[in-house]
Amino acid sequence: MSSNSQWSSRVGFILASAGSAIGLGAIWKFPFWAGANGGAAFIIPYIIFTFTIGVVLVMAEVAIGRKGRGSVVTALRSVGGPWYALMGALGVLTSFVILSYYSVVGGWCVAYLWDAVGGNVTISDPQILKDHFGNLVSNGYLNVGWHFAFLTLTCAVVIGGVEAGIERVSKYLMPMLFILMLAIIVRGLTLPGAWGGVEYLFNFQWENLTSNAILNAMGFTFFSLSLGGGILVTYGSYLPGKTSVPHSSLWIAVLAIQAAILAGLMIMPAVFAFGMEPNGGPGLVFITVPMIFSHVPFGSIFAFFFYVCLLVAALTSAVSLLEVVTAFMQNEWNLSRKKAVTINWVALFLLGSVSALSFGVWSDFTVGGRNFFDLLDYVCTNFMMPFGGLVIATLAGWKAWPVVREQFRIGNNFGPGILKVFHFILAFLAPILVLVAFYQGLFG
Ligand code: TRP
């Protein structure tokens, strides 16, 4: 499989990119972040960010990828020159680091799927479920072992290549995930007390709209759209030449938002119905979902299918992260796909294991109160990804705007007005917002 291969269709590209966007960010991170940041006061800024800087940065990444072709480094070099190639390499590093700890959470999904196979996940006692999650993450052997399992699956898909591996998996299992989530939502909403969760999600309260909630919403926008790590540049390079970039990008954003809102609706009503705290942290999804299933006829069968879909959602995102690094090594180091994936398999296993152990034996190692896992997530989400967004915004808004504009025009009849809006967002709005976020992250 050469890195010059293409998606079989526009739909294939959209599904694969949505597969990258929709993952643990939407289903695992969104509910507990929304829970901890005041519900609607987090969700509304997230929606606004997604449809302003989010969509336009997605468009810019895809446009640069299609123009430049090849890995993110190759594409940024050809569109922006040697300095931007270096910035592209930083994107490769970002994707690599994210994948190392993402794979640990992916491992939790494998673990719960394994429990579901044994019929052990439909428990209604919150304390048992909390202890179960706590034991999983603090047991080093278990946590490293499941991380290894998830990482190995990811590597297996990427070795298969873009079309054969990524596109086929996304096409069938993403729609199934949506249907299952809808079914769980219906059950959750009919539990007594569930309405409190809906109110929490949609009842906007001004006093919750803190600068912290807004900044977290921006960080989450980057995370959920897979921005700032070179993924959409890489996927864009496989996009057929005549496809409309803005149209595809809008689809990606709509699907990503829809997944996050559905996940919120799946978790939050149940949290209220079972009398739990909405700011319950990273275990929230893993503790709440089994309780819902314990209130469903044939719950263990539903649970099994749910964890299959959750795993696939996590896998398609992890695959996109690995594809960035693999395409880079193929293009820039002339390695075969197999060799590149194997190197990553070993390196990611080692780095990810440190994250996995940071919940147990190495939990004493902290920087500013964060264990190794939290530290990597903090640095990637608050600094490396927004920095990647800044790089793309300056390249697309200033240096390469004529090239990017020409890419935006393909397949569309845009008047000058809308192109001016895109240009303004890239050249001014996105850089300013990212710089404000940096300032807040460092000194706020
Ligand atoms: N968007 C994915 C999710 O929400 C995670 C992800 C995949 C990602 N690729 C990324 C995050 C690149 C940042 C950068 O689960």
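Which residue has a backbone N or O atom that lies 2.8 Å from a nitrogen atom of the ligand? The views below, taken from a predicted model, begin with that contact.

**View 1. Polar contacts of the ligand with Phe 223, Gly 25 and Tyr 102.** The residue in question is Phe 223, whose backbone N or O atom is placed 2.8 Å from a ligand nitrogen. The protein buries 100% of the 360 Å² that the ligand exposes when taken alone. A ligand oxygen atom lies 2.8 Å from a polar backbone atom of Gly 25. With Tyr 102, the contact involves a side-chain N or O atom, at 2.4 Å from an oxygen atom of the ligand.

**View 2. The cavity and the shell around the ligand.** The ligand takes up the space of the largest cavity. Two or more shell residues are contributed by each of α1 (10-21), α2 (24-36), α5 (82-117), α10 (211-224) and α14 (299-333). The ligand is surrounded by 17 residues, of which Ala 21, Gly 25, Tyr 102, Phe 223 and Ile 231 come nearest. By class, the shell holds 10 nonpolar and 7 polar residues and no charged ones.

**View 3. Arg 69, a non-glycine residue with positive phi.** Its phi is about 55°. Arg 69 belongs to the loop between α3 (40-68) and α4 (72-80). Arg 69 counts as partly exposed because its relative accessibility is 28%, between the limits of 20% and 50%.

**View 4. Phe 298 in the loop between α13 (284-293) and α14.** Although Phe 298 is not a glycine, its phi is positive, near 55°. The relative accessibility of Phe 298 is 66%, which is over 50%, and the residue therefore counts as exposed.

Definitions and conventions. Residues numbered from 1 in each chain as written. Predicted model: local features only at pLDDT ≥ 70, side-chain atom pairs only at ≥ 80, totals over all residues. Heavy atoms only, no water. Near = heavy atom within 4 Å. Polar contact = N/O pair within 3.5 Å; in protein donor to acceptor, adjacent residues only side chain to side chain. Areas by Shrake-Rupley, 256 points an atom, 1.4 Å probe, with all protein chains shown as cover. 1 Å grid on protein atoms, 1.4 Å probe; cavity = no way out; pocket = protein on both sides within 12 Å on 5 of 7 lines; lining within 4 Å. Sits in = over half its atoms within 2 Å of the grid points. Helix = DSSP H or I, 4+ residues; strand = E, 2+ residues; numbered from the N terminus. Nonpolar A, V, L, I, M, F, W, Y, C, P; charged D, E, K, R; others polar. Buried < 20%, exposed > 50% of the residue type's maximum accessible area, 1.4 Å probe, protein only.
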